[in-house]
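Hi,

Here's the structure I said I'd send over. Have a look at it first, and my notes follow underneath.

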Amino acid sequence: MMAKIDVTNLNLYYGKSKVLNNINMIFTEKSVTALIGPSGCGKTSFLRTLNRLNDTVPDTRVQGKIKLDGLDIYKDMDEIRLRKKVGMVFQKPNPFPMSIYDNVAYGPKIHGIKNKKTLDYIVEKSLYEAFLWDEVKDRLKKPALSLSGGQQQRLCIARALAVEPEVILMDEPTSALDPIATAKIEELILKLKHDYTVIMVTHSMQQAARISDFTGFFLLGNLIEYKETSKLFKNPEDDRTIGYINGIFG
Ligand SMILES: Nc1ncnc2c1ncn2[C@@H]1O[C@H](COP(=O)(O)OP(=O)(O)OP(=O)(O)O)[C@@H](O)[C@H]1O
Ligand SMILES: [Mg+2]
């Protein structure tokens with residue numbers, strides 16, 4: 001198993017407050033890792049450091065090292081190159097106010113693809129991979145915002161896939177969805193891990209147990225326990241993990 005991302009001694013500060021405390025984590029290539037923990041423990045902040053989305057937040061300081069395929073993402077890569085490799089899907093579906101087609105073609109166009117046939121191919125392939133093609137193939141020119149919430153989220157996943165990333169970050173991708181749409185996204189994530197490294201935040205321990213290979217439990221900015229999902233849920237070692245899993249807090 002190969003390390004795709006290697007996080008060493010990561011600290012994150014918003015102004016004077018330290019939100020992530022000495023995080024060390026390795027993410028295995030072509031696997032799904034779930035990040036769990038109570039509200040405010042730093043899961044979203046952590047995910048954003050992997051994509052350098054905190055760079056634009058004033059007064060934010062990142063210490064430590066994050067390597068992607070051995071390259072330091074803060075030193076050896078610019079944001080554009082990084083974000084082509086590391087895509088992100090947010091908690092709330094956020095399609096652009098344009099057509100379904102244009103949402104998916106947007107990224108490839110930015111990366112210089114102009115040929116109509118090539119774009120058509122990428123749009124179809126990405127929508128197909130995101131399990132959305134059959135539902136939208138007859139209405140590609142319709143506004144993305146006319147889709148249902150679950151369809152919008154799958155569109156955002158298709159948009160992320162269209163630039164052929166290697167890593168996909170997902171921040172509670174199903175929290176706004178009903179059980180059927182959630183099941184579709186879960187099925188999709190299981191399929192994605194054959195080709196991509198997926199790191200997802202979830203509040204649902206059932207979801208983590210269903211679809212992740214590894215789980216990390218965060219508490220107050222600390223990574224408390226991180227191991228294979230089945231081991232974390234069956235044999236948690238830290239009292240705080242045991243408490244969280246048994247619903248004592250969070
Ligand atoms: N831009 C910011 N400026 C200052 N503080 C922030 C900022 N973003 C988040 N925080 C604080 O950092 C801490 C971690 O927040 P974060 O959003 O990472 O938590 P989370 O684990 O994702 O929570 P939730 O489960 O509610 O989404 C919280 O105390 C939050 O208030
Ligand atoms: Mg969050």
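Sorted by class, the shell around ligand 1 comes out as 5 nonpolar, 6 polar and 2 charged residues. Bear in mind while reading on that this is a predicted model. The shell holds 13 residues in total, and the closest of them are S39, G40, K43, S45 and H203. If you're wondering which element gives the most to that shell, the answer is helix α1, residues 43-49, with 3 residues.

Some atom pairs at the ligand that you may want to check in your viewer:

- S45: an N or O atom in the side chain sits 2.5 Å from an oxygen atom of ligand 1.
- K43: here too a side-chain N or O atom is involved, 2.8 Å from an oxygen atom of the ligand.
- G42: this one goes through the backbone, with an N or O atom 3.0 Å from an oxygen atom of ligand 1.

As for burial, ligand 1 on its own has 640 Å² of accessible area, and the protein covers 58% of that.

Now to the sheet. It's an open one with 6 strands and mixed pairing, and the order reads β6-β7-β8-β3-β9-β10. Why do β6 (86-89) and β10 (222-228) each have one side without a neighbour in the sheet? Both stand at the edges with a single partner strand each, so there is nothing in the sheet on the other side. Going from one strand to the next, the twist averages 15°.

At the β10 end, the pairing with β9 (residues 214-219) is antiparallel and runs over 6 bridges. To pick out one residue there, T215 has K227 in β10 as its bridge partner. Over at β6, helix α6 (residues 149-161) packs on the sheet and touches both β6 and β7 (167-171). The direction of α6 makes about 170° with that of β6.

Last stop is P236. You'll find P236 in the loop between α9 (229-234) and α10 (239-245). Which residues does P236 touch, leaving aside those up to four places away in sequence? The list is E225, K231, T241, I242 and I245. For a sense of distance, P236 and K65 are 171 residues apart in sequence, and their C-alpha atoms are 28 Å apart in space.

That's what I have for now. Shout if anything is unclear.

Cheers

Technical notes. Residues numbered from 1 in each chain as written. Chains lettered and ligands numbered in written order. Predicted model: local features only at pLDDT ≥ 70, side-chain atom pairs only at ≥ 80, totals over all residues. Heavy atoms only, no water. Near = heavy atom within 4 Å. Polar contact = N/O pair within 3.5 Å; in protein donor to acceptor, adjacent residues only side chain to side chain. Areas by Shrake-Rupley, 256 points an atom, 1.4 Å probe, with all protein chains shown as cover. Helix = DSSP H or I, 4+ residues; strand = E, 2+ residues; numbered from the N terminus. Nonpolar A, V, L, I, M, F, W, Y, C, P; charged D, E, K, R; others polar. Pairing = 2+ DSSP bridges. Axes fitted to C-alpha atoms, helices over the stretch in contact; angles between N-to-C directions. Contact = heavy atoms within 4.5 Å.
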